[in-house]
Structures are given as C-alpha cells and as structure tokens.
Amino acid sequence: MANELNKQRVIDEFLRCFRKMLIDPELAGELVRIAKENINEPNAYQRIAEEVSNQTTLKIQEDHTEADRMFIKLLMDVVKGDSLLY
C-alpha cells in the first residue's frame, strides 16, 4: 500500500512538471540549456538541481524526492543523448 502511494506521488510530481512545461513552452529550452551548461561540471547533478530552482519556475527541494532525482537524471540523459547526435 505504501509503495503504491509512493508511486502515485512520483507520478503526480512528474505531471505537475509536465503541465508547467506545456503552459510555458520556453521552460523546456531553459531546462536543457541549464543541463548543457552544467553537465560537465563537478557535482553536475547538484548544480543542475540548484540552477533549475534558481532560474526557472520549477522548484526542486534541497532534499530531493524520488521524482526530483528521476527528473534531473532525465535532463542529463537528454543532454548526453543530444550531444551524440552531433
């Protein structure tokens, strides 16, 4: 039961994020830009999380939730995958 509640919470957090990106089409570009600028830095994961919170309407808590971790990893994967195309 607790596992199902956790899964639903993660899904709800992702949906809130995607809603914001659909409402603000520039947000996706900003997120990718932030990830690109920080992907090769020491502690890239933490830097991306901080910059997303500081520079966009998405706020990532200091104590990252499972959804936060998955989202930041997804951003990093998108940037890494994008660089493989060129």
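1. Helix 2 and helix 3 cross in a right-handed sense. Their axes approach to within 9 Å, at an angle of roughly 145°. From helix 2 the contact takes in Leu31, Arg33, Ile34, Ala35 and Asn38, and from helix 3 it takes in Ala44, Arg47, Ile48, Glu51, Val52 and Gln55. By character, the residues of this contact are six nonpolar, two polar and three charged.

2. The model is predicted, and the points here should be read with its confidence in mind. The protein chain has a mean pLDDT of 89, with 94% of its residues at 70 or more. Helix 3 has the highest confidence, with a mean of 95, and helix 4 the lowest, with a mean of 87. As a general caution, predicted coordinates should not be read in detail where pLDDT is low.

3. The largest nonpolar core holds 21 residues, and Leu31, Ile48, Val52, Leu58, Phe71 and Leu75 have the most contacts inside it. Two or more residues each come from helix 1 (2-23), helix 2 (25-38), helix 3 (44-55) and helix 4 (66-84). Helix 4 gives the largest share, six residues.

4. Leucine 75 deserves a separate look. Apart from neighbours within four places in sequence, leucine 75 is in contact with Leu31, Val32, Ala35, Ile48 and Val52. Among these partners, Leu31 and Ala35 also belong to the helix 2 side of the contact with helix 3, while Ile48 and Val52 belong to the helix 3 side.

5. The loop between helix 2 and helix 3 contains proline 42 and asparagine 43. Proline 42 counts as exposed because its relative accessibility is 62%, above the cut-off of 50%. Asparagine 43 is likewise exposed, with a relative accessible area of 63%. The C-alpha atom of proline 42 is separated by 38 Å from that of methionine 1, and the two residues are 41 apart along the chain.

6. The backbone at asparagine 43 should be checked by eye. Its phi is near 55°, a positive value in a residue other than glycine. Most residues other than glycine have a negative phi.

7. Is serine 53 buried or exposed? Serine 53 sits in helix 3 and counts as buried because its relative accessibility is 15%, under the cut-off of 20%. Not counting neighbours within four places in sequence, serine 53 is in contact with Leu58, Lys59 and Ile60. Of these partners, Leu58 is one of the residues with the most contacts inside the largest nonpolar core.

8. Threonine 65 lies in the loop between helix 3 and helix 4. At 14% relative accessibility, threonine 65 is counted as buried. Which residues does threonine 65 touch, leaving out those up to four places away in sequence? They are Arg9 and Glu13.

9. Leucine 5 belongs to helix 1 and is a nonpolar residue that counts as exposed, with 56% relative accessibility. From leucine 5 to alanine 35 the C-alpha to C-alpha distance is 30 Å, across 30 residues of sequence. Alanine 35 is one of the helix 2 residues in the contact with helix 3, and it is also among the contacts of leucine 75.

Definitions and conventions. Residues are numbered from 1 along each chain as its sequence is written. This is a predicted model: local features need pLDDT of at least 70, side-chain atom pairs count only at pLDDT 80 or more; totals for chains, interfaces and linings use all residues. Side-chain values use heavy atoms; hydrogens and water are left out. A nonpolar core is a set of buried Ala, Val, Leu, Ile, Met, Phe, Trp, Tyr and Cys residues joined through side-chain atoms within 4.5 Å. Buried means under 20% relative accessible area, exposed over 50%, partly exposed in between (1.4 Å probe, protein chains only). Helices (H or I, at least four residues) and strands (E, at least two) are DSSP runs, numbered from the N terminus. Contact means heavy atoms within 4.5 Å. Axes are lines fitted to C-alpha atoms, for helices over the stretch in contact, and angles run from 0 to 180 degrees between N-to-C directions. A crossing is left-handed if the near helix is turned anticlockwise from the far one by less than a right angle, and right-handed if clockwise. pLDDT is the predictor's confidence in each residue, from 0 to 100.
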